[in-house]
Amino acid sequence: QVIMPGPNCGAGHGRDSYCLPWEAVRALVLTTFMMTGGRLPRCHDSNASVPIGYDYYLYLEGDIEIPLATFRFWTAHVHRLHKRGYFLMTHRRDRRWEYGGGSRDVLSDCFDRDCIPSSKVALDPSHRYQMDPLDPWYVLPSRIHTACWLMTCEQFLEYASSKQWAYANAANPDRQGMRELAASGLAWHANYGHGRLLTHLKLPVYHLLPRENGYCITGHNKKAIKRNVSELERNVQRCALGIR
């Protein structure tokens, strides 16, 4: 891991370990430019003079696991939702280990009183499900940090053409920390933001090395219990059933 003399997060952070995510983002974007002779790659274009970009681009913190089922669900729906102006995201979970063995999922970044009530549920009428009646129901999350981002080729071109990959210029309306902002991807791009960010119960990623089991330490040095995924599931089920 190397921080360049002119770090992406500013000269004052040259020895800051939280600058490393921004160095990784810059390396990904600049390497893409170098591979294409200084031009953005094309996506599904017949113009042979411009190299083709990758189908998908991913950024992960080192302790994030993306289940195969999550990736498959995301690839099945991200293109349609992107065309409609939405950025489809994962959401981060911890496996909370119980006494006597076994575990249950808790939401890694949902530990305050307003987290669940302020997360809205929305129906996608264009979504065609096969077996699960909850498939068309998406969540507009109130907490967007997932420690990773996934992008299609088209989304990555949108990202690389914007200011969001450079820390000094990136929009940050939620005042996220340096590390968290690097993992926000397109979330705060001018085309998205709150109201245009979606996740789904079938889009979990797992935080493999949480510091605490089922709770976090807040800025006031107090324990805060991470909310159980079942609370979010109940909200989605109530909307699907028309229960207020």
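1. Let us start with a term: a residue is called buried when its relative accessible area is under 20%, and exposed when that area is over 50%. Asp109 has a relative accessibility of 16%, so Asp109 counts as buried. Please keep in mind as you read that this is a predicted model.

2. Now for the overall picture. The protein has 244 residues, and 46% of them count as buried. Its secondary structure comes to five helices and 12 strands. If you take the contacts with a separation of 6 or more, 67% of them are between residues 24 or more positions apart.

3. Back to Asp109, which has a charged partner. Asp109 and Arg92 form a salt bridge, with the closest N and O atoms 2.6 Å apart. This pair links distant parts of the chain: Asp109 is in the loop between strand 5 (103–107) and strand 6, Arg92 is in strand 4 (residues 91–97), and the two are 17 residues apart. Arg92 has a relative accessible area of 10%, so this partner is buried too.

4. Strand 4 offers another pair to look at. The side chains of Asp94 and Lys226 meet in a salt bridge of 2.5 Å, N to O. Asp94 lies in strand 4, while Lys226 lies in the loop between strand 12 (223–225) and helix 5 (229–240), so the salt bridge ties together parts that are 132 residues apart in sequence. Are Asp94 and Lys226 buried or exposed? Both are buried.

5. For a pair within one helix, turn to helix 1. Arg26 and Glu23 form a salt bridge whose closest N and O atoms are 3.2 Å apart. Both residues lie in helix 1 (residues 20–35), three residues apart, which is about one turn of the helix. With a relative accessible area of 18%, Arg26 is buried, and Glu23 counts as buried at 7% relative accessibility. The full count for this model is 13 salt bridges. As a general point, side chains of opposite charge can pair when their charged atoms come close.

6. Glu61 deserves a visit of its own. You will find Glu61 in the loop between strand 1 (56–60) and strand 2 (64–65). At 14% relative accessibility, Glu61 counts as buried. Its side chain makes a polar contact of 3.3 Å with the side chain of Arg179. Leaving out residues up to four places away in sequence, Glu61 touches His145, Ala147, Arg179 and Ala183.

7. Next, the aromatic rings. There are 10 aromatic pairs in the count. In one of them, the rings of Phe156 and Tyr159 have centres 6.2 Å apart and planes at 45 degrees, so this pair is tilted. Phe156 and Tyr159 both lie in helix 3 (residues 153–160), three residues apart, about one turn of the helix. Both residues are buried. Which aromatic cluster do Phe156 and Tyr159 form with other residues? The cluster is made up of Tyr54, Tyr57, Tyr59, Trp149, Phe156 and Tyr159.

8. Some rings have a charge for company. The charged end of Arg95 sits over the ring of Tyr206, 3.8 Å from the ring centre. Likewise, the charged end of Arg196 sits over the ring of Tyr86, 4.6 Å from the centre of that ring.

9. Then comes the nonpolar interior. In soluble globular proteins, nonpolar side chains tend to be buried together. The largest nonpolar core here has 25 residues, and those with the most contacts inside it are Phe87, Trp149, Met151, Phe156, Tyr159 and Leu197. Helix 1, strand 1, strand 8 (148–152), helix 3 and helix 4 (178–182) are the elements that give two or more residues to this core. A second, separate core has 14 residues, among them Trp74, Leu81, Leu88 and Leu203. Met151 is a good residue to click on: apart from neighbours within four places in sequence, its contacts include Tyr57, Trp74, Phe87, Phe156 and Tyr159.

10. Finally, a contrast with the buried residues above. Pro125 is in the loop between strand 6 (120–123) and strand 7 (137–140). With a relative accessible area of 67%, Pro125 is exposed. Pro125 and Pro136 are 11 residues apart in sequence, and their C-alpha atoms are 6.9 Å apart in space.

Methods
Residues are numbered from 1 along each chain as its sequence is written. This is a predicted model: local features need pLDDT of at least 70, side-chain atom pairs count only at pLDDT 80 or more; totals for chains, interfaces and linings use all residues. Side-chain values use heavy atoms; hydrogens and water are left out. Rings of Phe, Tyr and Trp (its six-membered ring) pair if their centres lie within 6.5 Å; planes under 30 degrees apart count as stacked, over 60 as edge-to-face and the rest as tilted. Helices (H or I, at least four residues) and strands (E, at least two) are DSSP runs, numbered from the N terminus. Buried means under 20% relative accessible area, exposed over 50%, partly exposed in between (1.4 Å probe, protein chains only). A charge sits over a ring if NZ of Lys or CZ of Arg is within 6 Å of the ring centre and within 35 degrees of the ring normal. A polar contact is a pair of N or O atoms within 3.5 Å; within protein, one must be able to donate a hydrogen and the other to accept it, and residues adjacent in sequence count only if both atoms are side-chain atoms. Contact means heavy atoms within 4.5 Å. A salt bridge is a side-chain nitrogen of Lys or Arg within 4 Å of a carboxyl oxygen of Asp or Glu. A nonpolar core is a set of buried Ala, Val, Leu, Ile, Met, Phe, Trp, Tyr and Cys residues joined through side-chain atoms within 4.5 Å.
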